[in-house]
Amino acid sequence: CLDEEGKVHEFDSRWRTEDCDDCSCSRNGIGCCTSYMTPVDFDEEKCESIFNKETCSYKVVEKDDHSKECPVHSWVG
């Protein structure tokens, strides 16, 4: 399989992209999906979500104080 970056992958192999997608190669081609959950139900007026590419995860924190996490009621992914 040839990925979007031009790298060749063997059949039945799996890898994670720089954008935190989990991909696999089969004889039918390449399939990818996100490796992380996205927060969708939180107080967007008081809080913001921040994506960390190193851990492939979101953190939801207060806009005025990033040391304080906000409750998240629903995630999708």
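1. A quick word on terms before we start: helices (H or I, at least four residues) and strands (E, at least two) are DSSP runs, numbered from the N terminus. With that in hand, this predicted model has 0 helices and 7 strands in the protein chain. Read from start to end, the pattern is β-β-β-β-β-β-β.

2. On overall shape, the radius of gyration of the protein chain is 16 Å, whereas a compact globule of 77 residues would come out near 11 Å. The extents of the C-alpha trace fit into the same discussion: along the principal axes, the trace spans about 50 × 20 × 15 Å.

3. How much of the chain is buried? Of its 77 residues, 21% count as buried. The exposed surface of the protein chain comes to about 5900 Å², with 44% supplied by carbon and sulfur atoms.

4. Contacts across the sequence deserve a look too. Taking the contacts with a separation of 6 or more, 26% join residues that are 24 or more positions apart.

5. On charge, the protein chain carries 19 negative side chains and 9 positive ones. The centres of these two sets lie 3 Å apart.

6. For a local feature, I would point you to strands S5 (residues 47-52) and S6 (residues 57-62), which pair in the antiparallel sense over 6 bridges. Within this pair, Cys47 stands opposite Glu62 in S6. S5 and S6 form a hairpin, with 4 residues between them. One residue in the turn is Cys56, whose phi is positive, at about 55°.

Terms used
Residues numbered from 1 in each chain as written. Predicted model: local features only at pLDDT ≥ 70, side-chain atom pairs only at ≥ 80, totals over all residues. Heavy atoms only, no water. Rg over C-alpha atoms; globule rule 2.2 N^0.38 Å. Buried < 20%, exposed > 50% of the residue type's maximum accessible area, 1.4 Å probe, protein only. Contact = heavy atoms within 4.5 Å. Areas by Shrake-Rupley, 256 points an atom, 1.4 Å probe, with all protein chains shown as cover. Lys, Arg positive; Asp, Glu negative; His and termini not counted. Charge placed at Lys NZ, Arg CZ, Asp CG, Glu CD. Pairing = 2+ DSSP bridges.
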